[in-house]
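User: I should like to work through a protein model by means of short questions. Please begin with any term that the first answer requires.

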Amino acid sequence: MSAAPVKIVLLYQSLLGIYGDHGNAVILTRRLQWRGIDAELVPVEPGDPVPTDGAVYLMGGGEDIAQTTAVHELKTDRGLFTALDNGAVLFAVCAGYQICGKSFTIGARDEIIDGLGLLDIETRRGPERAVGESLSHWTRPDGTSSLITGFENHGGWTQLGSGATPLTSMEVGWGNGDGQTDGAVQGRVYGIYPHGPVLSRNPDLADHLLETALGRPLEPLDMPEIEALRARRIEAVREGRP
């Protein structure tokens, strides 16, 4: 019997997908399929049961009401929590990253909302909105470095607690708000601010998420056209070009 396909679960596209972040799920699915690995993209909307047998779960950006709705639905369903207990990986972008934390704020009155509690972070409204191209440095598990490029657009600034580690260190942009770090990682939960979708621009990070979920290394993909586009994007960011 053939093995079951690897499930890439896209959570709540209708709530957390306003910046094309669904592309992250597409990228992960395709990078498995390009290697001859059977993979299935599973979209899940509010009210649908969240499958507990996925390999990677993804959340994207959204507005205030979308964030609070997503938190309520995910806490009620509990499937994501079970999947993480089973060894799945969660990758969350922007608003999705914020709601993974202990708390975040919404609205003009900065109402504090309890998050999912998956990352030891707290997000509050920053003194200015972070908008623009970003470039940061991610240290791979083997100690080597890879550049992470994307587009950030967020009003929240995020403070990391002792349980979370910054995902990257900033070269260009605001990141978590201090201009020093971007994102957080805690166990198998990863969060970061840039859109893009960010995994389309950063294949090393995409493959790291897949390898972590599968528990094994993947064969390299030789795609020089992607590397050429990536190099041009990095150059443009460093030169301050759009």
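Analyst: Two strands are said to pair if DSSP finds at least two bridges between them. The model discussed here is predicted.

User: Which residue in β9 is the bridge partner of Ser136?

Analyst: Strand β7 covers residues 121–139, and strand β9 covers residues 168–172. These two strands pair in the antiparallel sense over four bridges. In β9, the bridge partner of Ser136 is Met170.

User: Which residue in β8 stands opposite Thr123?

Analyst: Strand β7 is also joined to strand β8 (residues 145–160), through 15 bridges, and the two run antiparallel. Within β8, the residue that stands opposite Thr123 is Thr158.

User: Which residue takes a positive phi in the hairpin of β7 and β8?

Analyst: This hairpin has five residues between its strands. A positive phi near 95° occurs there, and the residue that takes it is Gly143.

User: Which are the edge strands of the six-stranded open sheet?

Analyst: The order of the six strands is β2-β1-β3-β4-β12-β11, and the pairing is mixed. From one strand to the next, the twist averages 15°. An edge strand of this sheet pairs on one side only, which is the case for β2 (39–44) and β11 (184–186).

User: In β4, which residue is the bridge partner of Met59?

Analyst: In the strand order, β3 stands beside β4. Strand β3 (residues 56–59) pairs with strand β4 (residues 89–93) in the parallel sense, over four bridges. Tyr57 stands opposite Leu90 in β4. For Met59, the bridge partner in β4 is Ala92.

User: In β12, which residue is the bridge partner of Ala92?

Analyst: Strand β4 pairs with β12 as well, in the parallel sense and over four bridges. The bridge partner of Ala92 in β12 is Gly191.

User: How many of the residues of β4 are buried?

Analyst: Val89, Phe91 and Val93 point one way from β4, while Leu90 and Ala92 point the other way. Residues on both sides are buried. The strand is mostly covered, and the count of its buried residues is five of five.

User: What angle does the direction of α6 make with that of β4?

Analyst: Helix α6 packs on the sheet. It touches β1 (6–11), β3, β4 and β12 (189–192). Its direction makes with that of β4 an angle of about 150°.

User: Are α1 and α6 roughly parallel or roughly perpendicular to each other?

Analyst: Helix α1 (residues 22–33) and helix α6 (residues 203–214) have axes 10 Å apart and pack at an angle of about 75°. Angles of 65 to 115 degrees count as roughly perpendicular. The two helices are therefore roughly perpendicular.

User: How many charged residues does the contact of α1 with α6 have?

Analyst: From α1, the residues in this contact are Ile27, Leu28, Arg31 and Leu32. They meet Pro203, Ala206, Asp207, Leu210 and Leu214 in α6. By class, the contact has seven nonpolar residues and no polar ones, and the number of charged residues is two.

User: How many disulfides does the structure hold?

Analyst: A disulfide requires two cysteine sulfur atoms within 2.5 Å. For Cys94, the nearest cysteine sulfur is that of Cys100, which is 12 Å away. Neither Cys94 nor Cys100 is in a disulfide. The number of disulfides in the structure is zero.

User: Is Cys94 buried or exposed?

Analyst: The place of Cys94 is in the loop between β4 and α4 (95–99). Its phi is near 55°, a positive value in a residue other than glycine. Buried means under 20% relative accessible area. Because the relative accessible area of Cys94 is 5%, this residue counts as buried.

User: What is the relative accessible area of Arg78?

Analyst: Arg78 lies in the loop between α2 (64–77) and α3 (79–85). Although it is not a glycine, it has a positive phi of about 70°. Arg78 is partly exposed, with a relative accessible area of 42%.

User: Which residue does a cis peptide bond join to Gly196?

Analyst: The bond in question has an omega of about -10°. The partner of Gly196 is a proline found in the loop between β12 and α5 (198–201). This residue is Pro197.

User: How far apart in space are Pro224 and Ala39?

Analyst: Pro224 is found in helix α7 (residues 224–238). At 52% relative accessibility, it counts as exposed. Pro224 and Ala39 are 185 residues apart in sequence, and their C-alpha to C-alpha distance in space is 23 Å.

Terms used
Residues numbered from 1 in each chain as written. Predicted model: local features only at pLDDT ≥ 70, side-chain atom pairs only at ≥ 80, totals over all residues. Heavy atoms only, no water. Buried < 20%, exposed > 50% of the residue type's maximum accessible area, 1.4 Å probe, protein only. Axes fitted to C-alpha atoms, helices over the stretch in contact; angles between N-to-C directions. Parallel < 35°, antiparallel > 145°, perpendicular 65-115°, else oblique. Contact = heavy atoms within 4.5 Å. Nonpolar A, V, L, I, M, F, W, Y, C, P; charged D, E, K, R; others polar.
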